[in-house]
Amino acid sequence: MYTIQANPSGTRTISVEDSHLETIQKYELLDGLVNSTGIIDEETLGKLRLTLRSILEMQDIVDKDLLALSLDVIYHNDMKALGLKGLIELYKYWLTKK
């Protein structure tokens, strides 16, 4: 299990499990998410959330791992742009270790 920082002071964190990272890889959720400027803001987070919603709505059978990723990480109450930046960095680190 990993932890990402959700606010600048570090008082709020979000737990991320390997299964969450595997689901991100399976659906390629972070590929092409960040634009050419490299800025991760609330609009980027909104784009990811809309992508997740449309994937969940299109499926006949709900993928429990995708639903868990959505509820536990992406739609977590503390998830903001800083948390998404931490998630992207964690995902890149996880890929190199894999």
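**Exercise 1. Elements**

Task: State how many helices and strands the protein has, and in which order they come.

Solution. Start with the count. This predicted model holds 4 helices and 2 strands. Next, read from the N terminus. The order is β-β-α-α-α-α.

**Exercise 2. Overall form**

Task: Decide what the radius of gyration says about the protein, which has 98 residues.

Solution. Step one: take the expected value. A compact globule of 98 residues would have a radius of gyration near 13 Å. Step two: take the value of the model. The protein has 13 Å, so the two agree. Step three: add the dimensions. The C-alpha trace spans about 40 × 30 × 30 Å along its principal axes.

**Exercise 3. Surface and contacts**

Task: Describe burial, exposed area, contact range and charge for the protein.

Solution. Begin inside. Of the 98 residues, 35% count as buried. Move to the surface. About 6200 Å² is exposed, and carbon and sulfur atoms supply 50% of that area. Now look at contacts with a sequence separation of 6 or more. Residues 24 or more positions apart account for 64% of them. Finish with charge. There are 11 positive and 15 negative side chains. The centres of these two sets lie 3 Å apart.

**Exercise 4. The nonpolar core**

Task: Find the largest nonpolar core and say which helix gives the largest share of it.

Solution. First, the size: this core has 24 residues. Second, the residues with the most contacts inside it. Among them are Leu-21, Ile-24, Val-73 and Leu-84. Third, the elements that give two or more residues. They are strand 2 (13-16), helix 1 (18-27), helix 2 (42-58), helix 3 (64-74) and helix 4 (81-97). Fourth, the largest share: helix 4 supplies it, with 6 residues.

Now zoom in on Leu-84. Leave aside neighbours within four places in sequence. Leu-84 is then in contact with Leu-33, Ile-40, Thr-44, Leu-45, Leu-48 and Met-79. Met-79 is itself one of the residues with the most contacts inside the core.

**Exercise 5. A backbone angle**

Task: Locate Glu-28 and say what stands out about its phi.

Solution. Place the residue first. Glu-28 sits in the loop between helix 1 and helix 2. Then read the angle. Its phi is near 50°, a positive value in a residue other than glycine. Compare with the general rule: most residues other than glycine have a negative phi.

**Exercise 6. Two residues of one loop**

Task: Classify Tyr-75 and Lys-80 as buried, partly exposed or exposed, and list their contacts beyond four places in sequence.

Solution. Set the cut-offs. Buried means under 20% relative accessible area, and exposed means over 50%.

- Tyr-75 lies in the loop between helix 3 and helix 4. Its relative accessible area is 33%, so Tyr-75 is partly exposed. Its contacts are Arg-49, Arg-53 and Ser-70. Leu-52 is 23 residues away along the chain, and the C-alpha atoms of Tyr-75 and Leu-52 are separated by 9.9 Å.
- Lys-80 is also placed in the loop between helix 3 and helix 4. Its value is 40%, so Lys-80 is partly exposed. Lys-80 contacts Glu-42 and Leu-45. Asp-41 is 39 residues away in sequence, with 8.0 Å from C-alpha to C-alpha.

**Exercise 7. Two residues in helices**

Task: Do the work of Exercise 6 for Leu-82 and Lys-47.

Solution. Apply the cut-offs of 20% and 50% again.

- Leu-82 is in helix 4. Its relative accessible area is 35%, so Leu-82 is partly exposed. Beyond four places in sequence, Leu-82 is in contact with Gln-5, Ala-6, Asn-7 and Pro-8. Leu-45 is 37 residues away along the chain, and the C-alpha atoms of Leu-82 and Leu-45 are separated by 9.7 Å.
- Lys-47 lies in helix 2. Its value is 42%, so Lys-47 is partly exposed. Beyond four places in sequence, Lys-47 touches Gly-32 and Leu-33. Gly-86 is 39 residues away in sequence and 16 Å away in space, C-alpha to C-alpha.

Terms used
Residues are numbered from 1 along each chain as its sequence is written. This is a predicted model: local features need pLDDT of at least 70, side-chain atom pairs count only at pLDDT 80 or more; totals for chains, interfaces and linings use all residues. Side-chain values use heavy atoms; hydrogens and water are left out. The radius of gyration is taken over C-alpha atoms; the globule rule is 2.2 Å times the number of residues to the power 0.38. Buried means under 20% relative accessible area, exposed over 50%, partly exposed in between (1.4 Å probe, protein chains only). Contact means heavy atoms within 4.5 Å. Accessible areas come from the Shrake-Rupley method with a 1.4 Å probe; for residues, only the protein chains shown count as cover. Lys and Arg count as positive and Asp and Glu as negative; His and the chain ends are not counted. The place of a charge is taken as NZ of Lys, CZ of Arg, CG of Asp or CD of Glu. A nonpolar core is a set of buried Ala, Val, Leu, Ile, Met, Phe, Trp, Tyr and Cys residues joined through side-chain atoms within 4.5 Å.
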